[in-house]
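Open the model in your viewer and keep the selection box handy. We will go from one stop to the next, with something to select at each.

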Amino acid sequence: MSLMRSLLLAASQNQWLRERASRYRFVRRSVARFMPGETLEDALAAARNLKEKNIGAVFTHLGENVAERAEAVQVAEHYLGVMERNHAQGLGTEVSVKLTQLGLDISPDFCFENLKSILEREDKKSTVWIDMEASNYVDVTLELYRRALAVFPRAGICLQAYLHRTKDDLEKLLPLRPAVRLVKGAYKEPPEIAFPRKRDVDESFFSLTQTVLRARKRGEMGRVALGTHDVALIRRISGFAESEGVRKDDFEIHMLYGIQRGEQMRLAGNGYRSIVLVAYGRYWYAWFLRRLAERPANVWFLLRNLF
Ligand SMILES: Cc1cc2nc3c(=O)[nH]c(=O)nc-3n(C[C@H](O)[C@H](O)[C@H](O)COP(=O)(O)OP(=O)(O)OC[C@H]3O[C@@H](n4cnc5c(N)ncnc54)[C@H](O)[C@@H]3O)c2cc1C
């Protein structure tokens, strides 16, 4: 892991920096590149724009590691409101939730009740996506995902290709016909837990993609979402899909708002299902630092905004 990436990921957990960062205008200007704004209205406006370009949207309300029960309940209620607005406006957007924001640190059962209230309200054609967080949460997240599938068979889970364990986790999930969003992984993890070299992470992503696309072709998978901005990898995957006879609409490419916009449009224009994760809300600090860590060149962009 590069030094810059390690420093940024360590800074993402720093309370002192968190409190100060949002006071600076140049930081807020830089954050604006990755999110349309802090309110749901901003996210809805972004979704309408994307829809005109034939690009779908998934909403995520920023925040994590909630410590108060009332706050976690408020987050669940916020998502219920979001889904109501989405349905009323016919935008076809979905939501992606973080379990630590729904009270996982308080208790898994309490968190599940909050998650369940969201699952029960979603329409039966949509997916509620569950994010994957740091490695110490993987076991409990997978356990709650299994419980979620019993309530709502279209629930989707994020799996991280950088973890050594993910190949096994995927094998164990396959009999449940999961919907999977595969990503590389965004947290600071030691080499015993995650591949330290980017090349190995990319290979793991490709290999897991082969597994999910083959399962999808056999009709044994729910939705397959590939969450990446890696254009070379996406080309390699589309070549593989074509050679295996997997249809373009059998999988989706998910990207983050503001990153690789040209590629998002190219995919949509070429008949692929292109979807953008739109993050919004006040608690953007840790999330923004992870975006900087993914691409240290973004730090120069931040500094340019300072001057
Ligand atoms: C829809 C979606 C959902 C996600 N959900 C989760 C989750 O639940 N849990 C989790 O751990 N991680 C999640 N991530 C983050 C993910 O794990 C990676 O950290 C992130 O996607 C960067 O990896 P990459 O695949 O884009 O490839 P990389 O190899 O890191 O990047 C490839 C290229 O993409 C561009 N790029 C990548 N990141 C950035 C950036 N921040 N700014 C500007 N350009 C960039 C650059 O051109 C770069 O060269 C999610 C990502 C996406 C797209």
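Start by selecting helix α5: its buried residues pack against α4 (40–52), β1 (56–61), β2 (94–97) and α6 (108–121). Keep in mind throughout that this is a predicted model.

**Stop 1: helix α5**

Show side chains for Ala-72, Ala-76, Tyr-79, Val-82, Met-83 and Asn-86, the buried residues of α5. Look down the axis of α5: these buried residues fall within an arc of 110°, so they line one face of the helix. An α-helix has 3.6 residues a turn, so residues three or four places apart point the same way. Now color Ala-70, Gly-81, Glu-84 and Ala-88, which are exposed on the other side of α5.

How far apart are the end C-alpha atoms of α5? They are 31 Å apart, which agrees with the 30 Å that its 21 residues (69–89) should span at 1.5 Å a residue. Just after α5, click on Gly-90, where phi is positive, near 60°.

**Stop 2: the nonpolar core**

In soluble globular proteins, nonpolar side chains tend to be buried together. Here the largest nonpolar core has 82 residues. Select Ala-57, Val-97, Leu-115, Ile-130, Val-276 and Val-278, the residues with the most contacts inside that core. Then center on Ala-57: setting aside neighbours within four places in sequence, its contacts are Ala-46, Ala-47, Leu-50, Thr-93, Ile-275, Val-276 and Val-278.

**Stop 3: Val-128**

Next, select strand β3 (residues 128–130), where you will find Val-128. Is Val-128 buried or exposed? Val-128 counts as buried because it has 24 C-beta neighbours inside 10 Å, and the cut-off for buried is 20 or more. Beyond residues up to four places away in sequence, Val-128 touches Glu-94, Val-95, Val-97, Ile-118, Leu-119, Glu-122, Phe-152, Ala-155 and Gly-156. Try a distance label from Val-128 to Phe-152: their C-alpha atoms are 8.7 Å apart, while 24 residues separate them in sequence.

**Stop 4: around the ligand**

Zoom to the ligand, which is surrounded by 23 residues. The closest are Asp-131, Val-183, Gly-227, Thr-228 and His-229. Highlight β4 (156–160), β7 (252–256) and α12 (285–294), each of which supplies at least two residues of this shell. Which element gives the largest share of the shell? That is β7, with 3 residues.

**Stop 5: helix α10**

Stay with β7 in view and add α10, whose buried residues pack against α9 (198–217), β6 (224–227) and β7. The buried residues of α10 are Ile-234, Ile-237 and Ala-241. They cover an arc of only 65° around the axis, which puts them on the same side of α10. Turn to the other side of α10 to find Ala-232, Arg-235, Gly-239, Glu-242 and Ser-243 exposed. Following α10 comes Gly-245, with a positive phi near 75°.

**Last stop: the whole protein**

Zoom out to take in the 13 helices and 8 strands. The radius of gyration is 18 Å, close to the 19 Å that the globule rule gives for 307 residues, so the protein is as compact as a globular protein of that length. Along its principal axes, the C-alpha trace spans about 50 × 45 × 40 Å. Color by burial, and buried residues make up 40% of the 307. Of the contacts between residues at least 6 apart in sequence, 74% join residues at least 24 apart.

Notes. Residues are numbered from 1 along each chain as its sequence is written. This is a predicted model: local features need pLDDT of at least 70, side-chain atom pairs count only at pLDDT 80 or more; totals for chains, interfaces and linings use all residues. Helices (H or I, at least four residues) and strands (E, at least two) are DSSP runs, numbered from the N terminus. A residue is buried if 20 or more other C-beta atoms lie within 10 Å of its own, exposed if 12 or fewer, and partly exposed in between; C-beta atoms are placed from the backbone. Two residues are in contact if their C-beta atoms, placed from the backbone, lie within 7 Å. The expected span of a helix is 1.5 Å times one less than its number of residues. The arc is that of the directions from the helix axis to the C-beta atoms. The radius of gyration is taken over C-alpha atoms; the globule rule is 2.2 Å times the number of residues to the power 0.38. A nonpolar core is a set of buried Ala, Val, Leu, Ile, Met, Phe, Trp, Tyr and Cys residues joined through C-beta atoms within 7 Å. A residue is near a molecule or strand if its C-beta atom, placed from the backbone, lies within 6 Å of it.
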